[in-house]
Amino acid sequence: MVAKRDHPYHGRRAVLASMHGKEAAFSGPFMSELGIELSAAPGIDTDQLGTFCGEIERVGSMLDVAERKARLGMAIAGCDLGLASEGSFGPHPQMPFVPAGRELLTFIDDERRLRISEALITETNYAYARVETMLELEPFLARIGFPKHAVVVTPGREGRALSEGAPVFKGLQDLGALKRAMAVCAKVSDEATACVETDMRAHMNPTRMASLAALGLKLAQRLAALCPACGAPGFGRVDVVRGLPCSACDAPTEWVIDEVFGCASCALRETKGREDGLSHTEPSQCPWCNP
Ligand SMILES: [Zn+2]
Ligand SMILES: [Zn+2]
């Protein structure tokens, strides 16, 4: 790790492509870890790349969308350093019934031709409910942390996309407004229900904003590490090697045995043992001892 003032990004400006106030999560770590001054791209419309509420479908992988978004911000601000994040929400890969957010943050350096990303899987309050009455909705609202966390209301529909021109009420944090939105949506719904879901836009969801701050720190720390061979920022973990042996039979398991660190600019790769020093797994994790 180099001293911050000797880092190539110290004192530089970077642009963040976000309409949803994500600079509140990322500016702090980018300044403290790198000395980068981050600002939001003025007047950017990232909705043209797709929206959470499904009126505009997102095309391509999360990484594709994040990169396109970052480049849009860079073009608007005339800046060769850019940043954008993408999130998706669904069931947790390890814990069934727990909602998870997959957050991706991508940094682009056009001058050095670098694209460096970090990702995070976190617990979220992502949820939805299809309801007819306010009474049915109360436990849901308590669970998701309303009104600090806003909700989106659309007409109830079973497993179908929203029809064109359907009402969509976003960013609701007031009980009266929520009731009115539910009434409008139930009226046009085939099932006479309204679908109430968590508003996952960062400025409407403090839980998500906290996850993004943790991700911002992770990426800023990654960028702070320079490649020992060529000096490019962003030296970090690029791959893992599986096959940690079982403590009973020594057979390789799916557990990680080595971590591979690499540079985003040159071909340098370094393989290191696990950071936690673990040399074997329990037989319960072994495909032979515990098939
Ligand atoms: Zn075994
Ligand atoms: Zn390098």
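Below, a trainee and a mentor talk through the reasoning behind the labels used for this predicted model.

Trainee: Let's start with the overall picture. How many helices and strands does the chain have, and how is the chain divided into domains?

Mentor: There are five helices and 12 strands. The division gives domain 1 (4-125 + 202-224), domain 2 (128-198) and domain 3 (237-285). Between the centres of domain 1 and domain 3, taken over C-alpha atoms, there are 28 Å. The C-alpha trace of the chain spans about 65 × 60 × 30 Å along its principal axes.

Trainee: Good, on to the metals. What makes Cys227, Cys230, Cys263 and Cys266 the protein donors of the zinc ion (ligand 2)?

Mentor: Distance does. A sulfur atom counts as a donor within 2.8 Å of the metal, and the SG atoms of these four residues lie 2.3 to 2.4 Å from the zinc ion (ligand 2). They therefore meet the cut-off and count as donors.

Trainee: And why is that site called tetrahedral?

Mentor: For four donors, all angles have to lie between 85 and 135 degrees. Here the angles among the four donor atoms are 104 to 117°, so the site of the zinc ion (ligand 2) is tetrahedral.

Trainee: How are these donor residues spaced in sequence?

Mentor: The spacing for the zinc ion (ligand 2) is C-x2-C-x32-C-x2-C. Cys230 and Cys263 are 33 residues apart and link distant parts of the chain. Cys230 sits in the loop between α5 (206-224) and β10 (236-242), while Cys263 sits in the loop between β11 (256-262) and β12 (269-273).

Trainee: Why is Cys230 called partly exposed?

Mentor: Buried means under 20% relative accessible area and exposed means over 50%. Cys230 has 41% relative accessibility, which falls in between, so Cys230 counts as partly exposed. Cys263 has 5%, which is under 20%, so Cys263 counts as buried.

Trainee: What makes the site of the zinc ion (ligand 1) tetrahedral?

Mentor: Its protein donors are the SG atoms of Cys246, Cys249, Cys286 and Cys289, at 2.2 to 2.4 Å. The angles among these four donor atoms are 101 to 114°. Those values fit the range of 85 to 135 degrees, so this site is tetrahedral. The donor residues are spaced C-x2-C-x36-C-x2-C. Cys246, in the loop between β10 and β11, and Cys286, in the segment after β12, are 40 residues apart and link distant parts of the chain.

Trainee: Is Cys286 buried or exposed, and how do you know?

Mentor: Buried: its relative accessibility is 1%, and the cut-off is under 20%, so the label follows. Cys246 is buried as well. Cys249, at 36%, counts as partly exposed because that value lies between the two limits.

Trainee: With these cysteines in mind, how many disulfides does a search of the whole structure find?

Mentor: Zero. A disulfide needs a pair of cysteine sulfur atoms within 2.5 Å, and the search of the whole structure finds none.

Trainee: Now the interior. Which residues touch the most other members of the largest nonpolar core?

Mentor: Phe26, Phe30, Leu83, Phe107 and Leu219 do, out of 24 residues in that core. At least two residues come from each of β1 (13-16), α1 (23-34), β3 (81-91), β4 (99-109), β5 (114-123) and α5. Helix α5 gives the most, with seven residues. A second, separate core has 18 residues, including Val131, Phe140, Val153 and Leu172.

Trainee: Why does Val153 count as buried?

Mentor: Its relative accessible area is 0%, which is under 20%, so Val153 is buried. Val153 is found in strand β7 (residues 151-155). Among the residues it touches are Phe169, Leu172, Met182 and Ala194. The C-alpha atoms of Val153 and Ala194 are 6.7 Å apart, although 41 residues separate the two along the chain.

Trainee: What makes Arg222 a buried residue?

Mentor: The same test applies: 13% relative accessible area is under 20%, so Arg222 is buried. Arg222 is found in helix α5, and its contacts include Ile116, Glu118, Phe235 and Arg237.

Trainee: Finally, what share of the chain is buried?

Mentor: Buried residues make up 44% of the 291 residues. Of the contacts with a separation of 6 or more, 62% are between residues 24 or more positions apart.

Note on methods:
Residues numbered from 1 in each chain as written. Chains lettered and ligands numbered in written order. Predicted model: local features only at pLDDT ≥ 70, side-chain atom pairs only at ≥ 80, totals over all residues. Heavy atoms only, no water. Donors = N, O, S within 2.8 Å, 3.2 Å for Na, K, Ca; no water. Tetrahedral: all angles 85-135°; square planar, octahedral: opposite > 155°, others 65-115°. Helix = DSSP H or I, 4+ residues; strand = E, 2+ residues; numbered from the N terminus. Buried < 20%, exposed > 50% of the residue type's maximum accessible area, 1.4 Å probe, protein only. Domains from an automatic or database assignment. Core = buried A, V, L, I, M, F, W, Y, C linked by side-chain atoms within 4.5 Å. Contact = heavy atoms within 4.5 Å. Lists of a residue's contacts leave out its neighbours within four places in sequence.
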